[in-house]
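Please work through the following exercises with the structure at hand. Each task is followed by a worked solution.

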Amino acid sequence: MTVGEGYDVTDAGQERLRRWRLVLGGGPADGTGCALSGRDAAMDGALAALYGKGDKQPAGRTGRDRSAGLGGSAPSVARWLGDIRTYFPSSVVQVMQRDAIDRLGLATLLLEPEMLEAVEADVHLVGTLLSLNKAMPETTRETARAVVRKVVEDLEKRLATRTRAALTGALDRSARVSRPRHHDIDWNRTIAANLKNYLPEYRTVVPERLIGYGRASQSVKKEVVLCVDQSGSMAASVVYASVFGAVLASMRSVSTRLVVFDTAVVDLTDQLDDPVDVLFGTRLGGGTDINRALAYCQSRITRPAETVVVLISDLYEGGIRDEMLKRVAAMKASGAQFVTLLALSDEGAPAYDREHAAALAALGAPAFACTPDLFPEVMAAAIEKRPLPIPDAV
């Protein structure tokens with residue numbers, strides 16, 4: 001087997017040495033005694049540029065002994081980005097890009113068009129761009145919007161169909177009627193409810209009681225309020241919430257409102273037809289006033305029994321804690337369904353205020369992290385007023 005140009009691997013032991021050499025980065029103490037050439041040497045150079053130690057500091061970076069060997073210019077970074085896309089799969093490229101931004105202070109270089117054109121776009125990159133939004137020069141803004149739009153469109157393709165299907169079914173089931181029309185009969189439930197009326201001689205069940213549901217019409221059946229914390233730690237959640245908000249807004253039977261907040265509250269409902277506009281209307285960073293945001297959402301509820309309020313926040317409250325809890329209790333008492341998501345992302349267990357989460361759970365509004373793939377099921381359960389599918393590990 002040949003791995004890389006000019007590098008022959010004759011057995012599994014040599015392959016392990018090669019891999020360890022790429023991981024350890026070479027040097028007199030790596031202990032592998034393995035030399036690299038060709039493609040392997042190029043891969044090693046790309047890794048060393050990011051993870052190797054040196055004396056140089058990239059422009060604008062202090063307090064770290066890491067040196068990327070990328071200098072401070074966008075062209076050299078763009079070349080490096082092209083290299084890693086050549087040598088590594090997309091999932092690895094995205095990890096390396098995030099590490100480059102975190103370790104080497106490259107966030108400011110994302111304000112340059114040639115840099116943006118070279119990156120592998122993902123949710124985390126969108127979050128970084130949104131945090132830089134206010135500092136972004138006009139020459140970069142259109143390129144940034146194109147990058148964000150690509151990510152948003154990919155997410156919509158992945159999530160929209162399943163979300164619409166799950167919520168349409170939930171809306172249909174939430175409108176059950178006692179005298180359904182023939183096409184609206186739920187035959188599985190009807191048969192199960194009438195098994196006592198089974199006639200063996202005819203091998204049939206006499207449906208003494210019909211069970212069904214009324215199909216959701218084009219009129220608004222449910223109202224959904226997405227209340228999203230836009231503090232810096234919630235960047236990925238803001239991206240996913242904007243996409244889901246746009247998907248929900250496209251459903252005629254659901255009235256959707258999107259509210260984002262830090263210490264101020266901004267209603268972005270009128271921009272839901274384009275999630276890219278929504279994202280550039282957010283302002284990542286700053287403090288948090290959940291109580292103020294919930295007060296605004298509460299004032300917009302007109303049909304509590306048909307409303308689902310989704311708070312997406314890590315619950316680090318900078319406002320009035322007791323008032324926040326009172327508002328949640330009041331909304332639930334009015335008949336509204338209240339869902340608290342500590343994160344809406346694939347990033348794993350989030351950091352959150354455990355005291356506030358426990359207080360919400362005591363009110364019957366348990367707080368939990370939710371992946372984008374689980375979100376449609378959570379919303380469907382809330383619409384049907386059945387127990388939420390809370391993951392085992394929160």
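**Exercise 1.** Determine how many bridges join strand 6 to strand 7, and in which sense the two strands run.

*Solution.* In this predicted model, strand 6 covers residues 254–261 and is joined to strand 7 by three bridges. The two strands run antiparallel. One residue pair to locate is V259, which stands opposite D267 in strand 7.

Next, place this pair in its sheet. The sheet is open and has six strands in the order 7-6-5-8-9-10, with mixed pairing. Its edge strands are strand 7 (265–267) and strand 10 (367–370), each of which pairs on one side only. On average, neighbouring strands of the sheet are turned by 25 degrees against each other, direction ignored.

**Exercise 2.** Identify the strands that pair with strand 8, and state whether its residues are buried or exposed.

*Solution.* Begin with strand 5 (residues 222–229), which runs parallel to strand 8 and is joined to it by six bridges. Here V228 has I312 as its bridge partner.

Continue with strand 9 (residues 337–344), which pairs with strand 8 in the parallel sense over five bridges. I312 stands opposite L341 in strand 9.

Now consider burial, for which the cut-off is under 20% relative accessible area. Six of the six residues of strand 8 (residues 307–312) are buried, so the strand is largely enclosed by the rest of the structure. One side carries T307, V309 and L311, the other V308, V310 and I312, and both faces are covered. In a regular strand, side chains alternate between the two faces of the sheet.

**Exercise 3.** Describe how helix 6 and helix 9 cross, and which residues meet there.

*Solution.* The axes of helix 6 (residues 123–131) and helix 9 (residues 235–249) come within 8 Å and cross at roughly 105 degrees. Because angles of 65 to 115 degrees count as roughly perpendicular, helix 6 is roughly perpendicular to helix 9.

From helix 6, V123, V126, G127 and L130 take part; they meet A235, A236, V239 and Y240 in helix 9. The contact comprises seven nonpolar residues, one polar and no charged.

**Exercise 4.** Find which residues touch the most other members of the largest nonpolar core.

*Solution.* This core has 78 residues, and those touching the most other members are W80, L110, L129, V310 and F375. Helix 7 (residues 138–173) supplies the largest share, 10 residues.

Take L110 as an example: beyond its neighbours within four places in sequence, its contacts include I101, M115, L129 and T140. A second, separate core of 25 residues includes M324, V328, L360 and A365.

Note on methods: Residues numbered from 1 in each chain as written. Predicted model: local features only at pLDDT ≥ 70, side-chain atom pairs only at ≥ 80, totals over all residues. Heavy atoms only, no water. Pairing = 2+ DSSP bridges. Helix = DSSP H or I, 4+ residues; strand = E, 2+ residues; numbered from the N terminus. Axes fitted to C-alpha atoms, helices over the stretch in contact; angles between N-to-C directions. Parallel < 35°, antiparallel > 145°, perpendicular 65-115°, else oblique. Contact = heavy atoms within 4.5 Å. Nonpolar A, V, L, I, M, F, W, Y, C, P; charged D, E, K, R; others polar. Core = buried A, V, L, I, M, F, W, Y, C linked by side-chain atoms within 4.5 Å. Buried < 20%, exposed > 50% of the residue type's maximum accessible area, 1.4 Å probe, protein only.
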